[in-house]
Structures are given as structure tokens and as C-alpha cells.
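Hi,

Here is the structure I promised to pass on. Have a look at it first, and my notes follow below.

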Amino acid sequence: MSLSISPDTRPALGPDTGPNTCSGTGASSTRPAGTPEPPPTPSAGDTRSPLTPSTLRTVVRELAERPEEWIHHVRLSTEERWYRRLAADEDHEVWLISWLPGQSTGFHDHGGSRGAFTVALGELEELSLGGPDQGLLIRRIPAGTARAFGPEYVHDVRNTAVGPAVTLHAYSPPLSSMAHYDLRAGGLVRTSEEGPEQW
Ligand SMILES: [Fe+2]
């Protein structure tokens, strides 16, 4: 199992994440200098199951409680959300994202990856489509709150507060693509797709 992470940024993991294991994510954000290489591609014979959303939520929650491992990486960008991948291996990856007021992802999926994120600093808002009787759901996500989701989940995350926010994200398997959607009268309409080379 390979690992692309600098030693001081490697978060501790739960016991079911493997011996060498380690956030979006950023859809079209400013790419910081020193952005790590794309995640490893699982071999054809790799039959391991992805980590569950619950496990990923534990990963980001526990990492949020250790700010000494990520706070010094935080940057703010007035152009777009800023992000940095903290860790990655074959099972999952962890991202750090900062959000200035008004910055948002737009509706997007996670390319079939499961995921979780927590607001470590500040406050965000999440939009998603509920069932036929629910319509558009809007959730306030204050600091200390975590969200976890399955492989089909589509959401729009935004900073509607007056101050910056910092979030930690985990995905399993590591993100391989992300599709973007427009919310129209008939529902979500897929508009574009991007891959790791654009992150
Ligand atoms: Fe997302």
C-alpha cells in the first residue's frame, strides 16, 4: 500500500483503514503550489471494499480534533475555494478546504466515491434534493458538525456566513471524477465532468 503524504500532515485513522492509510471537494479551485500527485489507481485485482461513510465521518471528526496536523496548511483565496490534499492511499484520501464568504461548490457528485466532511472552523450551508415530497433541502452546518454520504450523493456546499470556514473531507475510494449539475425546474441536469488532472 503506497502513501503520498508529508509526515506532519498524516492524520491518524481508525483500525479498519489499513496499516498505511491516511476532501469536495474542490471542483474548480485555485491549485496551490506543491499540490500532491493524483491518487494511485487501484490495480485490476484490487477487490477491497471502500470505507463506509460512517468510518469516513470518524476520520474527519478525529482529524478536526487535532488542528496541529492541518491548521498550518490553511490558506484563503479570494478567487475560489482553496484546497489541499493532506493524505491519500488506495483506500481513501483526505482534503483540507477553505471557504471565504460567498464561495461554493455548485451541485456535484463524487464520481461514485463515498464521503464525509466536517466543518472545523466557521459555518457552511448544504443544499441537496430530498424525496418527491421534500424538494430542496437546506442544511446549516456549523463548526463541529459532520456529514457523511454514499456513492450516489449530490450536493451543493456554500459559505453563506460572514466569515471564512475550514473543512476536512474524506473520500473512499479516492476521488476519480466529479460531475457538475445545474438545478432546473425538472431537477438536476448534468452539465460537465472533471478528473484529477483538473484539481
Ligand atoms: Fe461534495
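**What I found, starting with S177**

S177 is buried, because its relative accessible area is 16% and the cut-off for buried is under 20%. Keep in mind as you read on that this is a predicted model.

So where does S177 sit? You'll find S177 in the loop between β9 and β10. If you set aside the neighbours within four places in sequence, S177 is in contact with H110, G111, E193, E194, G195 and W199. Two of those names, H110 and E193, come back further down, H110 with the metal and E193 in a salt bridge.

The loop that holds S177 also holds P173. Its flanking strands span 165–172 for β9 and 178–184 for β10. The peptide bond from S172 to P173 is cis, and its omega is near -10 degrees.

**The iron site**

Which residues hold the iron ion? The protein donors are H108, H110 and H155, each through NE2, and they lie 2.1 to 2.2 Å from the iron ion. Along the chain, the donors follow the spacing H-x1-H-x44-H. Both H108 and H110 are buried.

H108 also has a place in a sheet: its bridge partner in β10 is H180. That bridge belongs to the pairing of β3 with β10, which is antiparallel and runs over 2 bridges.

**The sheets**

The strands β3, β10 and β11 form an open sheet, in the order β3-β10-β11, with antiparallel pairing. On the edges are β3 (107–108) and β11 (187–194), each of which pairs on one side only.

There is another open sheet of 3 strands, this one in the order β6-β5-β8, and here too the pairing is antiparallel. Its edge strands are β6 (136–142) and β8 (156–158), and each pairs on one side only. From one strand to the next, the twist averages 20 degrees. Looking at one pair in it, β5 (residues 123–129) and β8 run antiparallel and are joined by 3 bridges. If you want a spot to check on screen, L127 has D156 in β8 as its bridge partner.

Then there's the pair β1 and β2. Strand β2 covers residues 93–99 and pairs with β1 in the antiparallel sense over 6 bridges. A hairpin of 4 residues joins β1 to β2, and A88 stands opposite E93 in β2. Is β1 (residues 82–88) mostly covered or mostly open? Mostly covered: 6 of its 7 residues are buried.

**The salt bridges**

As background, side chains of opposite charge can pair when their charged atoms come close. How many salt bridges does the structure hold? The count is 8, and here are some of them.

- R140 and E123 meet through their side chains at 2.9 Å, N to O. R140 lies in strand β6 and E123 in strand β5, so this pair ties together parts that are 17 residues apart in sequence. R140 is exposed, with a relative accessible area of 56%, whereas E123 counts as partly exposed at 27%.
- D182 forms a salt bridge with R184, and the closest N and O atoms are 3.3 Å apart. D182 is partly exposed, with a relative accessible area of 35%, and R184 counts as partly exposed at 46%.
- E193 and R190 meet in a salt bridge at 2.2 Å, N to O. E193 counts as partly exposed at 46% relative accessibility, and R190 is partly exposed too, with a relative accessible area of 47%. This is the E193 that is in contact with S177.

Besides these pairs, E126, R139 and R147 are linked in a network of salt bridges.

**Where to look**

If you only have a few minutes, I'd open the view at the iron ion with its donors H108, H110 and H155. From H110 you can step to S177, since the contacts of S177 include H110. After that, go to R140 and E123, the salt bridge between strands β6 and β5.

Shout if anything is unclear.

Cheers

How values were computed. Residues are numbered from 1 along each chain as its sequence is written. This is a predicted model: local features need pLDDT of at least 70, side-chain atom pairs count only at pLDDT 80 or more; totals for chains, interfaces and linings use all residues. Side-chain values use heavy atoms; hydrogens and water are left out. Two strands pair if DSSP finds at least two bridges between them. Axes are lines fitted to C-alpha atoms, for helices over the stretch in contact, and angles run from 0 to 180 degrees between N-to-C directions. Donors are N, O and S atoms within 2.8 Å of the metal (3.2 Å for Na, K and Ca); water is not among the atoms, so sites may look incomplete. Buried means under 20% relative accessible area, exposed over 50%, partly exposed in between (1.4 Å probe, protein chains only). Contact means heavy atoms within 4.5 Å. A salt bridge is a side-chain nitrogen of Lys or Arg within 4 Å of a carboxyl oxygen of Asp or Glu.
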